[in-house]
Amino acid sequence: MLRTNQLFLNYLEDLYEKQERKEDIAVRSFSKGDRIFTQSETSSKVMLIKEGITKCFFVEENDKEYIVEFLGKGEIIGEIELIRNIPCLCSIEAVTDVTVYAVAIPYFRALIKTDISLNNLLLDVFAERIVNTSKRASYQQLYAAEHTLAQLIELQAQQEIEISKEDMAAYLGITVRSLNRTLKNLDK
């Protein structure tokens with residue numbers, strides 16, 4: 001539901017502190033609602049979330065959003081696009097104020113070629129994403145939306161954030177109208 005990766009955050013914080021060229025990794029801030037990456041556009045950096053929460057979503061051909069995941073501390077974004085040399089697969093938007101480590105693309109490419117620790121972290125991230133996607137797909141087939149909605153509501157309380165009804169519906173893959181019915185059923 002909210003993905004984090006403390007090991008990756010520790011790795012990049014260490015790189016940031018040790019970097020010789022201060023422009024290889026920079027710290028950037030985004031306000032709640034800011035778009036960090038936009039689907040189908042080319043990204044100029046690979047980023048790792050230092051603080052805050054983002055949503056990762058697709059906009060379908062019918063202009064409907066589908067939220068793939070909420071991402072927090074230590075989650076890397078833009079790396080698949082760099083590795084595959086493609087435009088952004090999805091959009092990333094700040095749900096709260098967000099601070100990221102923005103890594104220059106030439107520097108990240110050099111690290112991929114020389115740093116086994118980074119490669120191991122990336123392999124772990126990719127494997128984790130495959131597992132999470134599989135679990136979520138099967139979970140959505142087996143359980144009613146009420147169960148996942150209850151988890152979203154719990155996430156809001158734990159993180160002290162507000163997730164809009166539109167975002168909840170987009171995460172669940174349902175309409176706002178269906179979400180309202182589901183919320184009503186939860187109150188019973």
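A residue counts as partly exposed when its relative accessible area falls between the limit for buried, under 20%, and the limit for exposed, over 50%. Lysine 165 has a relative accessible area of 40% and is therefore partly exposed. The model described here is predicted. It contains an open sheet of four strands and an open sheet of five strands, and a search of the whole structure finds zero disulfides.

**The four-stranded sheet**

- The strands of this open sheet follow the order E2-E9-E4-E7, and their pairing is antiparallel.
- Strand E2 (25-30) and strand E7 (76-77) are the edge strands, each of which pairs on one side only.
- Strand E4 (residues 45-51) runs antiparallel to E7 and is joined to E7 by two bridges.
- Within this pair of strands, leucine 48 is placed opposite isoleucine 76 of E7.
- Helix H3 (residues 105-114) packs on the sheet, where it touches E2, E4, E7 and strand E9 (98-104).
- The direction of H3 makes an angle of about 70° with that of E9.

**The five-stranded sheet**

- The order of strands in this open sheet is E1-E6-E5-E8-E3, and the pairing is mixed.
- Strand E1 (2-3) and strand E3 (35-37) stand at the edges; each has a single partner strand, so one side of each is left without a neighbour in the sheet.
- Four bridges link E5 and E8, which pair in the antiparallel sense.
- Threonine 54 faces alanine 94 of E8, the two residues standing opposite each other.
- Helix H6 (residues 165-172) packs on this sheet and touches E5 and E6.
- The direction of H6 makes about 95° with that of E6.

**Buried and exposed sides of helices H1 and H3**

- Helix H1 (residues 6-18) consists of 13 residues and reaches 18 Å from its first C-alpha to its last, close to the 18 Å expected at 1.5 Å a residue.
- The residues Phe8, Leu9, Tyr11, Leu12 and Leu15 are buried in H1.
- The buried residues of H1 line one face of the helix, because they fall within an arc of 160° when seen down its axis.
- Leu7, Glu17 and Lys18 are exposed on the other side of H1.
- In H3, the buried residues are Ile105, Tyr107, Phe108 and Leu111.
- Seen down the axis of H3, these buried residues also lie within an arc of 160°, and they therefore line one face of the helix.
- Pro106, Lys113 and Thr114 are exposed on the other side of H3.

**Cysteines without a disulfide**

- The cysteine sulfur closest to that of cysteine 56 belongs to cysteine 90 and is 3.1 Å away, which is too far for a bond, because a disulfide requires sulfur atoms within 2.5 Å.
- For cysteine 88, the closest cysteine sulfur is likewise in cysteine 90, at 7.5 Å, and this separation is too far for a bond.
- Cysteine 56 counts as buried because its relative accessibility is 11%.
- Cysteine 88 counts as buried at a relative accessibility of 6%.

**Positive phi angles in loops**

- Aspartate 63, a residue other than glycine, has a positive phi near 70°.
- Aspartate 63 is located in the loop between strand E5 (54-59) and strand E6 (65-71).
- The relative accessibility of aspartate 63 is 64%, so the residue counts as exposed.
- Asparagine 85 is not a glycine, yet its phi is positive, at about 55°.
- The loop between helix H2 (79-84) and strand E8 (91-94) holds asparagine 85.
- With a relative accessibility of 64%, asparagine 85 counts as exposed.

**Surroundings of glutamine 156 and lysine 165**

- Glutamine 156 is part of helix H5 (residues 145-159).
- At 13% relative accessibility, glutamine 156 counts as buried.
- Not counting residues up to four places away in sequence, glutamine 156 touches Ile161, Glu162, Ile163 and Met168.
- Lysine 165 is part of helix H6.
- Lysine 165 and valine 176 are eleven residues apart along the chain, and their C-alpha atoms are separated by 6.5 Å.
- With residues up to four places away in sequence not counted, lysine 165 touches Val176, Leu179, Asn180 and Leu183.

Notes
Residues are numbered from 1 along each chain as its sequence is written. This is a predicted model: local features need pLDDT of at least 70, side-chain atom pairs count only at pLDDT 80 or more; totals for chains, interfaces and linings use all residues. Side-chain values use heavy atoms; hydrogens and water are left out. Buried means under 20% relative accessible area, exposed over 50%, partly exposed in between (1.4 Å probe, protein chains only). Two strands pair if DSSP finds at least two bridges between them. Contact means heavy atoms within 4.5 Å. Axes are lines fitted to C-alpha atoms, for helices over the stretch in contact, and angles run from 0 to 180 degrees between N-to-C directions. The expected span of a helix is 1.5 Å times one less than its number of residues. The arc is that of the directions from the helix axis to the C-beta atoms.
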